[in-house]
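Biologist: I am new to this structure and would be grateful for a close look at a single part of it. Please describe that part and then place it beside other features of the model.

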Amino acid sequence: MVSGLEEIELATILLVLIAGLAAGWIDAVVGGGGLLQLPALLLVPGITPVQALATNKMGSIFGTTTSAITYYRRAHPDLRTAVPMALIALAGSFGGAVLAASLPSSVFKPIIVAALIAVAVFTALRPTVGTLTKLKYSGRRHYGTAGAIGAVIGFYDGLIGPGTGSFLVIAMVTLLGYSFLGASAKAKIVNMATNFGALVFFLPHGSILWGLGLLLGAANMVGGYLGSRMAITRGSRFIRIIFLVVVGALIVKLGYDVWVENLRPLTER
C-alpha cells in the first residue's frame, strides 16, 4: 500500500491540505473544488496523473459526504429525487472513469468551455433564476429528467471531473426548477455518489495514495462542514454569487488548457 507521504516535503503537504480545505468549502457551496485540489496534488513529486485523479476522488468523497449530511440535517432535501439521481450518477461515473483510461479529456474540453460560458451568461442575465423553488414538472417527467441529469453529469465526472457540482446545480435550477439552495443540497448527495463510482474503478488498480488521500479527506471534511453551514445560513443569493465566481474560474482554467493544447502542435513544428 502506497501512502503518498514518502519523501514529500512538509511545505508541499501543507499546501495540499490548505487546497483540500478550500476545495471542500467550494464543493459544499456550489461545486468546483477540484479546480484547487487536483492541481495541488500534481505538485507532489513523482505523482502520476492517474494517481492524482484517484487520490483527489478519495479526498473529495469525505468532503461531499460531510456536506451532504449537513445539508440533510439542516435543509432537508427531497430524497425521492436525490437518491435515485445519485444511484444513476454513480453508474454513469463508473462508466466515465472506464472511458477516461483510454480517451484524452482534450477531446471534450472545448465543448465544456462553450457550455460553461453559456451557463455563466444565462445565470448573470437572469438574476431571479434559482431564488425560489418552482418545480417545472411532476411525477414521472420530474424523476425522468432528474435521472437523465444524473446519468450525463455522472459520466462527465468520471471522465473529466472539474465543475461537476456546478453543472449539477445549474441543471437542477434550470431544468427542474429548484432554488440554488435546494439544488446545492441535492447536488452534494449526487456528487458523493459520483465520487464513489469513480473510486470503485480506481480501487482495484492501486492508484490511490492512501496516506495523502486520508489527510486530504480530513481537510475536505472541515471545508465541507464549514461551507455547507455557510450556504444554508446565507441562502440562494449567496450560492448564486459563488456559483458565478467558480464558473468564471472554470472557464479561465479550461480555456487556458484548450489554448495550450492547441498551441503545442504549432510550437513543435
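Modeller: Helix H9 covers residues 210–234, and its 25 residues reach 35 Å from the first C-alpha to the last. That is close to the 36 Å expected at 1.5 Å a residue, the expected span being 1.5 Å times one less than the number of residues. Helices here are DSSP runs of H or I with at least four residues, numbered from the N terminus. The model is predicted, so local features need pLDDT of at least 70 and side-chain atom pairs pLDDT 80 or more, while totals for chains, interfaces and linings use all residues. Residues are numbered from 1 along each chain as its sequence is written, and side-chain values use heavy atoms, without hydrogens or water.

After H9 comes Gly235, with a positive phi near 90 degrees. Tyr225 lies within H9 and joins Leu21, Val222 and Leu226 in a nonpolar surface patch of about 340 Å². H9 gives the most to this patch, with 3 residues. Such a patch joins nonpolar side chains (Val, Leu, Ile, Met, Phe, Trp, Tyr) within 5 Å, or like charges within 9 Å, from residues with over 30% relative accessible area and no salt bridge; areas are Shrake-Rupley values with a 1.4 Å probe, only the protein chains shown counting as cover for residues.

Salt bridges (a Lys or Arg side-chain nitrogen within 4 Å of an Asp or Glu carboxyl oxygen) number 2 in the whole structure. In one, Lys57 pairs with Asp157, their closest N and O atoms 2.8 Å apart. Because Lys57 lies in helix H3 and Asp157 in helix H6 (residues 139–159), this pair ties together parts 100 residues apart in sequence.

Technical notes:
Helix = DSSP H or I, 4+ residues; strand = E, 2+ residues; numbered from the N terminus.
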